Amino acid sequence: KSAEVYAVPRSINVVLEDRIIDGDFLDWKYADVRALDNCQDQYRLEDGYDDCRDIVALYSREGVNNYYFRIDLYELGINSEQNYLDIYFAIDFVSGGQVWLPDFMECQTTTDNAWELCAAIYNGTNYKLFKSDWSEINNGITSVKFNSSLDAVEFAISKFAMQSMGWSSGSPLKMQCFTVKDGTNDGLGEISGKPDITDAVG
């Protein structure tokens, strides 16, 4: 288990900064880095795509209307996200919440890491934002972009969606990120007798 990952409250003197979710990643800054993780520490399925499921860094930045997130991976092969990689990004900001992870991953967090919102990113056009009661927030994720040349994915969550679950602008977030292979519900991503997680940070 890695150290807990937070986005801490901003200073009253810091201006909110938007990040453009366009796949070029040029506007992300060093100050946005929230966690670094060792490479080659993922659970290996030996399917030729293990490296795309290896998380190496997490970033975040609060913007005006959205909260922006970025995940760096060890080696994101072209179109790996179509069949070999799903990303789950769980956010905790109030007491209580959900400990089980979506899509029958057979894994739960500790109670002090229970989440209010969990972004499930299946690819660049298919994604969901789960509430802790398993209902979904339509259009809660405003955009997602993958870039295999830069081995990274970026996405934005509507701050309105976060506020609807009890978060206040400028308040801290606790973040957890997980990777799996597509098909955790008795499909190719199912790991027999174990949680289906291949890597985790947070």
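## Lys194 and its loop

Setting aside neighbours within four places in sequence, Lys194 is in contact with Tyr43 and Glu106. Contact here means heavy atoms within 4.5 Å. Lys194 sits in the loop between β10 and β11. Strands (E, at least two residues) and helices (H or I, at least four) are DSSP runs, numbered from the N terminus. Lys194 counts as partly exposed, because its relative accessibility is 42%. The scale calls a residue buried under 20% relative accessible area, exposed over 50%, and partly exposed in between, with a 1.4 Å probe and protein chains only. The C-alpha atoms of Lys194 and Met105 are 9.1 Å apart, although 89 residues separate the two along the chain.

## Basis of the model

This is a predicted model: local features need pLDDT of at least 70, side-chain atom pairs count only at pLDDT 80 or more, and totals for chains, interfaces and linings use all residues. Residues are numbered from 1 along each chain as its sequence is written, and side-chain values use heavy atoms, with hydrogens and water left out.

## Overall fold

The protein chain holds two helices and 11 strands. Their order along the sequence is β-β-β-β-α-β-β-β-β-β-α-β-β. The C-alpha trace spans about 50 × 35 × 30 Å along its principal axes. The radius of gyration is 16 Å, which agrees with the value near 17 Å for a compact globule of 202 residues. That radius is taken over C-alpha atoms, and the globule rule is 2.2 Å times the number of residues to the power 0.38.

Contacts often bridge long stretches of sequence. Among contacts between residues at least 6 apart in sequence, 62% join residues at least 24 apart.

## Burial, surface and charge

Of the 202 residues in the protein chain, 51% are buried. The accessible surface comes to about 9400 Å². Carbon and sulfur atoms account for 49% of that surface. Areas come from the Shrake-Rupley method with a 1.4 Å probe; for residues, only the protein chains shown count as cover.

The protein chain has 16 positive and 33 negative charges. The mean positions of these two sets are 6 Å apart. Lys and Arg count as positive, Asp and Glu as negative; His and the chain ends are not counted. Each charge is placed at NZ of Lys, CZ of Arg, CG of Asp or CD of Glu.

## Thr109 and Glu106 between β5 and β6

Thr109 lies in the loop between β5 (86-92) and β6 (117-121). Thr109 counts as buried because its relative accessible area is 11%. Not counting residues up to four places away in sequence, Thr109 touches Gln98, Val99, Leu101, Ala114, Gln176 and Phe178. The Thr109 side chain also reaches the backbone oxygen of Asn113 at 3.5 Å.

Glu106 is found in the loop between β5 and β6. With 42% relative accessibility, Glu106 is partly exposed. Glu106 is not a glycine, yet its phi is positive, at about 60°.

## Asp186 and its backbone

Most residues other than glycine have a negative phi. Asp186, also not a glycine, has a positive phi of about 65°. Asp186 belongs to the loop between β10 (173-180) and β11 (199-201). Asp186 counts as exposed, because its relative accessibility is 66%.

## Into and out of β7

Asn126 is placed in the loop between β6 and β7. Its relative accessible area of 36% makes Asn126 partly exposed. Beyond its neighbours within four places in sequence, Asn126 contacts Ala120 and Ile121. The C-alpha atoms of Asn126 and Val144 are 8.9 Å apart, across 18 residues of chain.

Tyr127 is in strand β7. Tyr127 is partly exposed, with a relative accessible area of 27%. Outside residues up to four places away in sequence, Tyr127 touches Ala120, Ile121, Tyr122, Ile141, Ser143 and Val144. Tyr127 and Asn139 are 12 residues apart along the chain, and their C-alpha atoms are separated by 9.5 Å.

## Ser135 after β7

Ser135 occupies the loop between β7 (127-131) and β8 (141-147). At 29% relative accessibility, Ser135 is partly exposed. Leaving aside neighbours within four places in sequence, Ser135 is in contact with Leu129 and Phe130. Its C-alpha atom lies 16 Å from that of Ile157, which is 22 residues away along the chain.

The side chains of Ser135 and Asp133 are joined by a polar contact of 2.6 Å. A polar contact is a pair of N or O atoms within 3.5 Å; within protein, one must be able to donate a hydrogen and the other to accept it, and residues adjacent in sequence count only if both atoms are side-chain atoms.
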